[in-house]
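Biologist: I am new to this structure and should be grateful for a close look at one helix within it. Please set that helix in the context of the whole chain, and explain how its sides differ in their surroundings.

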Amino acid sequence: DNSIYNPNFLDDPNLYAPKDRTVLLFPSLRESIIPFVRSKKESKNEMNEKFQRMHPDLPSSLTLSKIRKLKIMMLEIAIDMDVDISSVALAYVLLEKLILKNLIHKENRRCLACACLFLAIKFYFCNMTKSFHRDLLDHMEKIASLSSKDIVNEEVIVYKSLNFALLVDDCEVLPHYNRIQKILDLKRSNSKSKDKTKILYYSSLPINSD
């Protein structure tokens, strides 16, 4: 039921570890035992296959790794433009609601993701200047390899598809906000190593690159 949105339903935080892992839970402690290291491709394929089994109604081409890569793109745009992460968290909610409505597929995913972020930023920052508006669209064009005209056109479609409802409950946004904050904390703590930061940046959602 799309009227009831669960922020952990589509992008399940537990759906990332290879199955060949034993997780031991103790009070205030979580330990993992990995008997052997599996390739990144094997782990990603397994994760995507499990996601497809969990969500058989979604297009098979829209994998979990693609969804998570979209989120990384949206966050990178927001960071580059010095936008508060609350906007990104709202954009994730909008994006996932569109996915659950089967409105996003492999071909339109980048444009609709940018449209969701653009809407969320405009919603939180209603006094956005025309200059920032233009700079934001220009940066989206550069990062997502899209036309700003296409993003603006999709913005209207997204808004209508969401029944013009951008004001969502805190319980829908906060899980995304907390995950993003964790990513940024890890990124700051590993800022001395660009490569290491990128790995943590992707895995802490947890996210695998596509």
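Modeller: The account below passes from the chain as a whole to one helix, then to some of its surroundings and to other parts of the chain.

The model is predicted, so local features are reported only at pLDDT of at least 70 and side-chain atom pairs only at pLDDT 80 or more, whereas totals for chains, interfaces and linings use all residues. Residues are numbered from 1 along each chain as its sequence is written, and side-chain values rest on heavy atoms, with hydrogens and water left out.

The protein chain contains eight helices and two strands (DSSP runs of H or I with at least four residues, and of E with at least two, numbered from the N terminus). Along the sequence the order is β-β-α-α-α-α-α-α-α-α. Of the 210 residues of the chain, 42% are buried (under 20% relative accessible area; exposed is over 50% and partly exposed lies in between, with a 1.4 Å probe and protein chains only). Among contacts in the chain with a separation of 6 or more (heavy atoms within 4.5 Å), 68% join residues 24 or more positions apart.

The helix chosen for the close look is α6, which comprises residues 148-161. Its 14 residues should span 20 Å at 1.5 Å a residue, and the end C-alpha atoms are indeed 20 Å apart (the expected span being 1.5 Å times one less than the number of residues). Buried in α6 are S148, I151, E155 and V158. Because the buried residues of α6 fall within an arc of 75° when viewed down the axis, they line one face of the helix (the arc being that of the directions from the helix axis to the C-beta atoms). The face turned away from that buried side bears K149, V156 and K160, which are exposed. The cover over the buried residues of α6 includes α3 (85-100), α4 and α5.

Two of these covering helices can be followed through a residue of their own. In α4, which runs over residues 109-124, lies F123; F123 is partly exposed because its relative accessible area is 34%. In α5, residues 130-144, lies H139, which is buried at a relative accessible area of 15%. Apart from neighbours within four places in sequence, H139 is in contact with I77, D80 and M81. H139 and M81 stand 58 residues apart in sequence, while their C-alpha atoms are 8.1 Å apart in space.

Helix α7 offers another case of a helix with a buried side. It has 20 residues, 170-189, and reaches 28 Å from its first C-alpha to its last, close to the expected 28 Å. Its buried residues are E172, V173, H176, R179, I180, I183 and L184. These buried residues cover an arc of only 140° around the axis and therefore lie on the same side of α7. On the other side, D170, C171, R188 and S189 are exposed.

Finally, the loop between α1 (40-54) and α2 (64-80) holds T63, and D57 lies in that loop between α1 and α2 as well. T63 counts as buried because its relative accessibility is 14%, whereas D57, at 66%, is exposed. Setting aside residues up to four places away in sequence, T63 touches N48 and F51. D57 and L100 are 43 residues apart in sequence, with their C-alpha atoms 8.9 Å apart in space.
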